[in-house]
Amino acid sequence: MTTLNAPQAAVMEGKDALPDFTTEAYKDAYSRINAIVIEGEKEAHDNYISLGTLIPEQADELTRLARMEMKHMKGFTSCGRNLGVQADMDFARKFFGPLHGNFQTALKEGKVVTCLLIQALLIEAFAISAYHIYIPVADPFARKITEGVVKDEYTHLNYGQEWLKANFEASKEELFAANKANLPLIRSMLEEVASDAAVLHMEKEDLIEDFLIAYQEALDEIGFSPREKARMAAAALAF
Ligand code: PL3
Ligand code: FE2
Ligand code: FE2
């Protein structure tokens, strides 16, 4: 089958070797990772629609971002189908439960800054790191789809970044608090997905590194000083 890339897998060795996409172990891990990504894209869609109610003057732009997430969800659904994998959606909903709960609470309280930090910074940086690390070890079908998606995710991260930059002074205290409450959740989510990701030949250290680069660059752009960024990183270490 052309999608399996067996010749490369056979000649490559070590960390960069492509996994065997046909094994039960691969499909089992993929059933959870694929579900996480599908659920993540679906929740991202819903979150941008919700954000449109908090920032009504940008509802059109936010609807445009939401539509992109729907397209991502469909793309990743086809990746699972292509490998003959049934996504474990119950697992994925539980996986996002705590972060989803925090977003919903902030939404009810009208806390636009917290909602933006959760969706447009943390979740998008998490997605960007996951997709970057996945692309070199993906099957050719999924690779093409993921390459298209990752470009969009930068648009989404950028949206949150620009809004928060324009409202920096007024948002600062809420950003510190939202970071402290939610960055540890991203860290636990990374821990939780690590063993399945390893089966896909994705290393936890690479995921963390790539996440921190995307998140820190966004915080830089928004206007945080090196000391403030260190303070925010410390919030994820102290638990
Ligand atoms: C928002 O645009 C997307 C939200 C999705 C979040 C996904 C996090 C993914 C973590 C799992 C790591 C493996 C990635 C494999 C890609 C198929
Ligand atoms: Fe997306
Ligand atoms: Fe996104």
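Student: Let's start with one residue: in which helix is Ala-230 found?

Tutor: Ala-230 sits in helix α9. Keep in mind as we go that this is a predicted model.

Student: How exposed is Ala-230, and how do I read that?

Tutor: The idea is to look at the relative accessible area, where anything under 20% is called buried and anything over 50% exposed. Ala-230 has 45%, so it is called partly exposed.

Student: How far apart are Ala-230 and Asp-88, in sequence and in space?

Tutor: Along the chain they are separated by 142 residues, and from C-alpha to C-alpha the distance is 37 Å.

Student: Now the helices. Why do some residues of an α-helix point the same way?

Tutor: There are 3.6 residues in each turn, so positions three or four places apart point the same way.

Student: What can the ends of α7 tell me about its path?

Tutor: You can set the end-to-end distance against the span of a straight helix. With 32 residues, α7 would reach 46 Å if straight at 1.5 Å a residue, but its end C-alpha atoms are only 41 Å apart. Look for a bend of about 45° at Val-193. Just after α7 comes His-201, with a positive phi of about 65°.

Student: Which helices help to line the largest pocket?

Tutor: At least two lining residues come from each of α7 (168–199), α8 (204–222) and α9 (226–237). The biggest share is from α8, which gives seven residues.

Student: What is the volume of that pocket, and which residues are closest to its centre?

Tutor: The volume of the largest pocket is about 340 Å³. Among its 19 lining residues, Ile-208, Leu-212, Ala-233, Ala-236 and Leu-237 are the closest to the centre. Sorting the lining by class gives 13 nonpolar, two polar and four charged residues.

Student: Let's turn to the metals. Which residues are the protein donors of the iron ion (ligand 2)?

Tutor: To read a metal site, find the protein atoms that serve as donors. For the iron ion (ligand 2) they are Glu-41 (OE), Glu-69 (OE), His-72 (ND1) and Glu-153 (OE), at 2.0 to 2.2 Å from the ion. Their spacing along the chain is E-x27-E-x2-H-x80-E. Two of these donors link distant parts of the chain: His-72 in helix α3 (residues 59–83) and Glu-153 in helix α6 (residues 140–166) are 81 residues apart.

Student: Are His-72 and Glu-153 buried or exposed?

Tutor: Both His-72 and Glu-153 are buried.

Student: Which residue bridges the iron ion (ligand 2) and the iron ion (ligand 3)?

Tutor: That is Glu-69, and the two ions it bridges lie 3.2 Å apart.

Definitions and conventions. Residues are numbered from 1 along each chain as its sequence is written. Chains are lettered from A and ligands numbered from 1 in the order in which they are written. This is a predicted model: local features need pLDDT of at least 70, side-chain atom pairs count only at pLDDT 80 or more; totals for chains, interfaces and linings use all residues. Side-chain values use heavy atoms; hydrogens and water are left out. On a 1 Å grid over the protein atoms alone, a cavity is a set of points where a 1.4 Å probe fits but cannot get out, and a pocket is an open set with protein on both sides within 12 Å along at least five of seven lines; lining residues have an atom within 4 Å of a point. Grid points are joined across faces, edges and corners, and a volume is the space filled by probe spheres set on the points. Helices (H or I, at least four residues) and strands (E, at least two) are DSSP runs, numbered from the N terminus. Ala, Val, Leu, Ile, Met, Phe, Trp, Tyr, Cys and Pro count as nonpolar, Asp, Glu, Lys and Arg as charged, and the others, Gly among them, as polar. The expected span of a helix is 1.5 Å times one less than its number of residues. The bend at a residue is the angle between axes fitted to the seven residues ending there and the seven starting there. Buried means under 20% relative accessible area, exposed over 50%, partly exposed in between (1.4 Å probe, protein chains only). Donors are N, O and S atoms within 2.8 Å of the metal (3.2 Å for Na, K and Ca); water is not among the atoms, so sites may look incomplete.
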